[in-house]
Each structure stands twice: as C-alpha cells, then as structure tokens.
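Hi everyone, thanks for making time for this. I'd like to walk you through one structure, so let me put it on the screen.

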Amino acid sequence: MNAEVLPDNLVRAGFLADGEDGQVDPGAIVVAWDRPTDAPDGAVQVYVNGQLAAVCDDPARREMVAPADSGDTLAVALIATDVASADGDHAGLLTPQQRGSRALLRWPRLAAAGSEASVEIFGNGGGGEIDFQTPLSDRPIDWFANSAGRWGFGLCSQGEGGFGYDAAQALGLGRGAFGIGEWGFDADWLSWLSEPLAAGEHRLAAVARDRLGNAVADPPEAAVTIVEPPPRVAEMSISQDTGGRLSLAWQTL
C-alpha cells in the first residue's frame, strides 16, 4: 500500500451552488486539489468527516464533486494513493484537523521566475527574527509543476497549453477579460496554508529558488498576529427571568 494525506494547503472545498440564483446544493461539495510531485501517482480519495466519500482514479484530474450534508460541520481531507489501494479505507492516516491559528500566504505566479522554480516558507515562531534554516513548508512548493494542468501564453506551442479554450479546462483567449482568465501565466496565484501556529507576532518569508537552487536576495515578508481561538460551545440555551432579563448559557467542548 502506498498512501499519503495531502497537506491542507493543497486542498480546496466548497458547496456546489446554482449559477443563476446562488442556491446551494445541500448534498454535494466541490473538491479541488494540487498533487505534490512526490505524492503517489494514481488515485485520490476524498474523506468527509473521516468517512470515505468519493474516489478519483484519473491522475490528470484536479477537481471532483463529492456527497456531503450542508447541515453538518465538514472536515474534508484527501489521501493520494496508488490505484491498487484506491478502494481501501485509509482513514487511519487522518488526524484531527486543527481549527484556526493558521496563516495563509498568496502570491502571483510570475513568468519571470521560470517554470522549474520553487518556494519555501520560513518563520520566526511567534517572536524575534526569522529562522531561515528550518522551513515551515513540509516540502518545496513547485512554482509551476507539470501536474498543474495548464501552461500559459508563450510557454508552449500555440494551442497545446491551457490558454487555448479548446485545449484544456481553462477559459481561453477571447473568452474573458485580459489577464483575469487562466490562459495568461501571470494571472494565476500560488498559496500556502500553515499548520496551526502558537499565539504571537509571526513574521513569515517566502524564499523563491531557481532550478539551480539559487535563492532570491531579498525574500518578501509578511506579518500576522495569531491569537488563541475561543473554545467550541454546545448546548446553548436562553432563559428569561421575571424581570425580563435574558441569560445565555452554554457548555464548552
């Protein structure tokens, strides 16, 4: 068996909504993902609240619809596995998803960086100077991996990449505002979502490297304040005394 949980920052999920009136489909979610270059090359399993909900056995796909209940609090996780293990239940690999206390970094994928570049994220642990020796990202983030599914205008032969409407899933040339659609390489974004961070004043830096491993001289930095999330509550109730005053009671989890 070869199976690996995809990092949270590579997974995106949302309820399916009608494009006309915005009504949410209560029984389905759209799940999209990026596959790391060293992940098992085969199937992707979707787990909702720890239960196997759907399987995609097409290595080229990066999106699918899975059943879910909009009335529930959803925890969505994906496991990449080889095709032989695609029907197996690998829920034992999942760990409880931490809530809150995370930092999300987003940056444009500029063509000037080169297709074989990568990015690593470093931080200061909540105080002091940034530690550039130990990255927070669990692996280098591919600037533009071959598995991303589309190449932009000028980066491959005309009609073979994602900028041509008939060539891939992207909106093509002439089908959207210039620079907003996915046919333009510079129109895309990269992102990284941290693991839960300790409370404090965090400074983060994104260090880009070219295919030879040369790092940028002055990596961009970002700052974020992390506070402890409040406890979860349940069994909330409201009571009113004879004077009309309302009281709110609850249990912490």
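One definition before we start: I'll call a residue buried when its relative accessible area is under 20%, exposed when that value is over 50%, and partly exposed in between. And please keep in mind that this is a predicted model.

With that in hand, let's begin with Gln-45. Is Gln-45 buried or exposed? Its relative accessible area is 0%, and because the cut-off for buried is under 20%, Gln-45 counts as buried. You'll find Gln-45 in strand β4, which covers residues 43-48. What does the side chain of Gln-45 reach in there? It comes to 2.7 Å from the backbone oxygen of Gly-88. Setting aside neighbours within four places in sequence, the contacts of Gln-45 include Leu-52, Ala-54 and Val-55, then Ala-77, Leu-78 and Ile-79, and also Asp-87, Gly-88 and His-90.

Let me step back to the whole chain for a moment. We have zero helices and 15 strands. Of the 253 residues, 32% are buried. The chain exposes about 15,200 Å², and 51% of that comes from carbon and sulfur atoms. Here's one for those who like contact maps: take the contacts between residues at least 6 apart in sequence, and 59% of them join residues at least 24 apart.

Now, the nonpolar cores. The largest one has 17 residues, and the members that touch the most others are Ile-29, Val-31, Trp-33, Val-46 and Leu-78. Which elements give two or more residues to this core? They are β3 (24-33), β4, β5 (51-56), β6 (63-67) and β7 (76-81). So you can see Gln-45's own strand, β4, on that list, and Leu-78 turns up both in the core and among the contacts of Gln-45. Ile-29 is a good residue to click on here: beyond its neighbours within four places, Ile-29 is in contact with residues including Phe-15, Leu-16, Val-48, Met-64, Val-65 and Val-76. There is also a second, separate core, with 15 residues, and among them are Ala-103, Ala-117, Ile-141 and Ala-208.

While we're around β4, have a look at the loop between β4 and β5, where Asn-49 is found. Asn-49 is not a glycine, and still has a positive phi of about 50 degrees. Asn-49 is partly exposed, at 35% relative accessibility.

Let's move over to a sheet. Four strands make an open sheet in the order β10-β9-β12-β13, with antiparallel pairing. Why do β10 and β13 each have one side without a neighbour in the sheet? Because β10 (141-142) and β13 (221-226) stand at the edges, each with a single partner strand. Strand β9, residues 118-123, pairs with β10 over two bridges in the antiparallel sense. If you want to see one residue pair there, Val-119 has Ile-141 in β10 as its bridge partner. Ile-141 is also one of the members of that second core.

Next in this sheet is β12, residues 200-209, which holds Arg-209. With a relative accessible area of 27%, Arg-209 is partly exposed. A polar atom of the Arg-209 side chain lies 3.4 Å from the backbone oxygen of Gly-213. How far apart are Arg-209 and Ala-117? They are 92 residues apart in sequence, but 5.5 Å apart in space, C-alpha to C-alpha. Outside its neighbours within four places, Arg-209 is in contact with Ala-117, Ser-118, Glu-120, Asn-214 and Ala-215.

Back to β9 for the aromatics. The structure holds one aromatic pair. Phe-122 and Phe-132 form it, in a tilted arrangement, 5.7 Å centre to centre and 45 degrees between the planes. Phe-122 sits in strand β9 and Phe-132 in the loop between β9 and β10, ten residues apart. The two rings' residues fall into separate classes: Phe-122 is buried at 2% relative accessible area, whereas Phe-132 is partly exposed at 38%.

One last stop in that loop between β9 and β10: Gly-127 is there too. Gly-127 is partly exposed, with a relative accessible area of 41%. The C-alpha atoms of Gly-127 and Glu-201 are 5.7 Å apart, although their positions lie 74 residues apart along the chain.

That's my tour. Thanks for listening, and I'm happy to rotate the view for anyone.

Terms used. Residues numbered from 1 in each chain as written. Predicted model: local features only at pLDDT ≥ 70, side-chain atom pairs only at ≥ 80, totals over all residues. Heavy atoms only, no water. Buried < 20%, exposed > 50% of the residue type's maximum accessible area, 1.4 Å probe, protein only. Contact = heavy atoms within 4.5 Å. Polar contact = N/O pair within 3.5 Å; in protein donor to acceptor, adjacent residues only side chain to side chain. Pairing = 2+ DSSP bridges. Areas by Shrake-Rupley, 256 points an atom, 1.4 Å probe, with all protein chains shown as cover. Phe/Tyr/Trp six-rings, centres within 6.5 Å; stacked < 30°, edge-to-face > 60°. Core = buried A, V, L, I, M, F, W, Y, C linked by side-chain atoms within 4.5 Å.
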